[in-house]
Amino acid sequence: MSRVVIVGGGAAGLELASLLGRSVEPHDEIILVEGETHHYWKPRFHEIAAGTFDNDLDTLCYFSHGARNGYRHFQARMTDINREEKLLQVYKPNGETDTLAYDYLVIAIGAISNDFATKGAKEHCLFLDTPQQARDSWQQISSLLRSGGQRTINIVGAGATGLELAAELAKVNGNLSQNAYAAKLTINLIEAADRVLPSGPLKMSQEALLRLEKFQINVMLNTRIASVDQQGMTTSDGLNLDADIQFWAAGIKAPDWLNNIGGLESNHANQLIVKQTLVTTLDSHIFSLGDCAAIPQADGSMVPPKAQAANRAAVHLAKNLKGLMQGKELTPFVYKDGGMVVSIGHNYAISTMMNDRLILKGRLVRRLYDTIFRLHQKTVSGLFTMSRLIISKRLKCIFKPN
Ligand SMILES: Cc1cc2nc3c(=O)[nH]c(=O)nc-3n(C[C@H](O)[C@H](O)[C@H](O)COP(=O)(O)OP(=O)(O)OC[C@H]3O[C@@H](n4cnc5c(N)ncnc54)[C@H](O)[C@@H]3O)c2cc1C
């Protein structure tokens with residue numbers, strides 16, 4: 001009998017727990033350690049913040065899902081590891097600490113925003129790292145929208161997170177234009193690089209910029225924020241950008257407490273360093289994947305921190321761990337990038353295909369964006385449940401009054 005403990009039920013961890021739970025021998029035990037009660041798909045956190053998220057159909061309760069899919073949800077947050085005794089230390093919602101024994105441990109706790117120690121950012125900015133932060137953001141946005149007049153929102157970082165958030169907020173504000181009591185938003189999207197989506201292909205950045213300008217979002221490129229206070233932000237050139245609400249969405253890192261945890265190797269972004277087989281470099285019983293892992297490829301490149309990469313790594317590790325329990329060798333994870341899809345406003349998306357040679361855009365591409373989420377739902381809940389959810393959503397859109 002083997003006990004596999006997976007920490008983190010996000011894009012990677014939930015897929016892994018579901019795949020293993022449904023396929024391992026009944027005497028093997030799969031435990032998912034996750035602090036939240038419900039799973040939210042992180043690439044939709046900006047929708048929670050903008051009030052456009054569907055809470056009924058797009059979340060999943062770990063406890064009941066685990067019961068149907070062969071894993072146990074242990075609601076707690078990992079705090080440390082004792083590698084000698086193979087014990088995970090956790091902090092439970094009731095304030096108690098506990099330990100959990102493992103034969104194999106998988107760490108998939110994702111990443112948080114990196115404020116690069118910018119003065120005042122932690123105190124005066126909202127972040128979209130957890131569902132709670134996203135819900136708190138909506139509380140503030142909702143109150144701002146109801147306050148009337150001309151209001152300003154600063155968003156730092158024009159990568160996927162910042163850009164999707166800016167566009168979603170602009171779309172919501174546009175929908176409220178007939179409401180005489182609603183505030184009119186000025187949205188500043190501030191980026192230190194010379195283009196939006198700096199890690200994407202140039203053509204995609206250009207298309208995204210045109211769309212953002214159509215939404216009248218004030219895109220400020222080559223602009224670095226030096227400090228933040230309650231009134232607003234100051235750029236490194238001394239320009240003051242006053243705002244009512246400020247978001248930080250620039251850069252990611254794994255949480256600081258992960259750095260060298262249990263003596264494991266980590267990099268400058270606190271990510272655990274793993275081999276191409278996803279096993280950590282110093283412990284053959286501990287694995288890591290998703291945004292919190294630094295995963296090398298044979299050509300020397302690193303797997304990017306993307307939902308798509310987290311999903312593919314989970315599918316690979318599920319096969320590897322099953323094989324390992326049957327005495328087989330681990331195989332390397334080879335990542336093939338399927339392109340990038342970014343949603344810009346609720347009904348529009350831009351995507352790259354064919355090694356970035358083809359750029360697609362429009363309402364239909366938005367369906368492609370949804371497909372990544374639907375594939376995740378298919379992996380965690382099966383084709384039948386995914387189909388029922390799609391049909392329910394369609395019917396809801398058709399019949400729900402405005
Ligand atoms: C607003 C936004 C938009 C995005 N848009 C895109 C996009 O368009 N395309 C794309 O590819 N990527 C996008 N991303 C990035 C994508 O969400 C991540 O790359 C992906 O979710 C990483 O998966 P993961 O499993 O590593 O981490 P996550 O999905 O973040 O899951 C980590 C899980 O670990 C849990 N956890 C954290 N700490 C602990 C602990 N101590 N103990 C137990 N559990 C813990 C968390 O609660 C969470 O459930 C976006 C991200 C954001 C925030």
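**A ligand shell, a buried strand and a three-strand sheet**

Trainee: Which residues are closest to the ligand, and how many surround it?

Mentor: This is a predicted model. The closest residues are Ala12, Glu34, Met78, Asp291 and Ala307. They belong to a surrounding set that numbers 32 residues.

Trainee: Which helices and strands each supply at least two residues of the shell around the ligand?

Mentor: Two strands and two helices do so. The strands are strand 2 and strand 6, residues 77-82. The helices are helix 6 (160-175) and helix 8 (307-325).

Trainee: How far is an oxygen atom of the ligand from an N or O atom in the side chain of Glu34?

Mentor: Glu34 is among the closest residues to the ligand. A polar contact needs a pair of N or O atoms within 3.5 Å. For the Glu34 side chain and a ligand oxygen, the distance is 2.7 Å.

Trainee: Which side chain has a polar atom 3.1 Å from a nitrogen atom of the ligand?

Mentor: Glu164 also has a 3.1 Å distance, but there the ligand atom is an oxygen. For the ligand nitrogen, the side chain is that of Arg77.

Trainee: What share of the ligand's accessible area does the protein cover?

Mentor: On its own, the ligand has 1,000 Å² of accessible area. The share of this that the protein covers is 89%.

Trainee: Is strand 1 largely enclosed or left open by the rest of the structure?

Mentor: Strand 1 spans residues 3-7. Arg3, Val5 and Val7 are buried on one side, Val4 and Ile6 on the other. Five of the five residues are buried, so the strand is largely enclosed.

Trainee: Which residue of strand 2 does Val4 stand opposite?

Mentor: Strand 1 and strand 2 (residues 29-34) run parallel, joined by five bridges. Helix 1 (residues 13-23) completes a right-handed β-α-β unit with these two strands. Across from Val4 stands Ile30.

Trainee: And which residue of strand 9 does Ile6 stand opposite?

Mentor: Strand 9 covers residues 104-107 and runs parallel to strand 1. Four bridges join the two. Opposite Ile6 is Val106.

Trainee: Why is one side of strand 14 and of strand 16 left without a neighbour in the sheet?

Mentor: The sheet is open, with strands in the order 14-15-16 and antiparallel pairing. Strand 14 (225-228) and strand 16 (240-242) stand at its edges, so each has a single partner strand.

Trainee: By how many degrees are neighbouring strands of this sheet turned against each other on average?

Mentor: The sheet has three strands. Ignoring direction, the average turn between neighbours is 25 degrees.

Trainee: What is the bridge partner of Met233 in strand 16?

Mentor: Strand 15 covers residues 232-235. Three bridges join it to strand 16, and the two run antiparallel. In strand 16, Met233 is partnered by Leu241.

Trainee: Leu197 is not a glycine; what is its phi?

Mentor: Leu197 sits in the loop between strand 12 (184-190) and helix 7 (202-214). Leu197 counts as buried, because its relative accessibility is 1%. Its phi is positive, at about 45 degrees.

Trainee: Does Leu278 count as buried or exposed?

Mentor: Leu278 lies in the loop between strand 19 (272-273) and strand 20 (286-288). Its phi is near 80 degrees, a positive value in a residue other than glycine. The cut-off for buried is under 20% relative accessible area. Leu278 has 0% relative accessibility, so the answer is buried.

How values were computed:
Residues are numbered from 1 along each chain as its sequence is written. This is a predicted model: local features need pLDDT of at least 70, side-chain atom pairs count only at pLDDT 80 or more; totals for chains, interfaces and linings use all residues. Side-chain values use heavy atoms; hydrogens and water are left out. Two strands pair if DSSP finds at least two bridges between them. Axes are lines fitted to C-alpha atoms, for helices over the stretch in contact, and angles run from 0 to 180 degrees between N-to-C directions. Buried means under 20% relative accessible area, exposed over 50%, partly exposed in between (1.4 Å probe, protein chains only). A crossover is right-handed if, with the strands pointing away from the viewer, the path from the first strand over the helix to the second runs clockwise. A residue is near a molecule or strand if one of its heavy atoms lies within 4 Å of it. A polar contact is a pair of N or O atoms within 3.5 Å; within protein, one must be able to donate a hydrogen and the other to accept it, and residues adjacent in sequence count only if both atoms are side-chain atoms. Accessible areas come from the Shrake-Rupley method with a 1.4 Å probe; for residues, only the protein chains shown count as cover.
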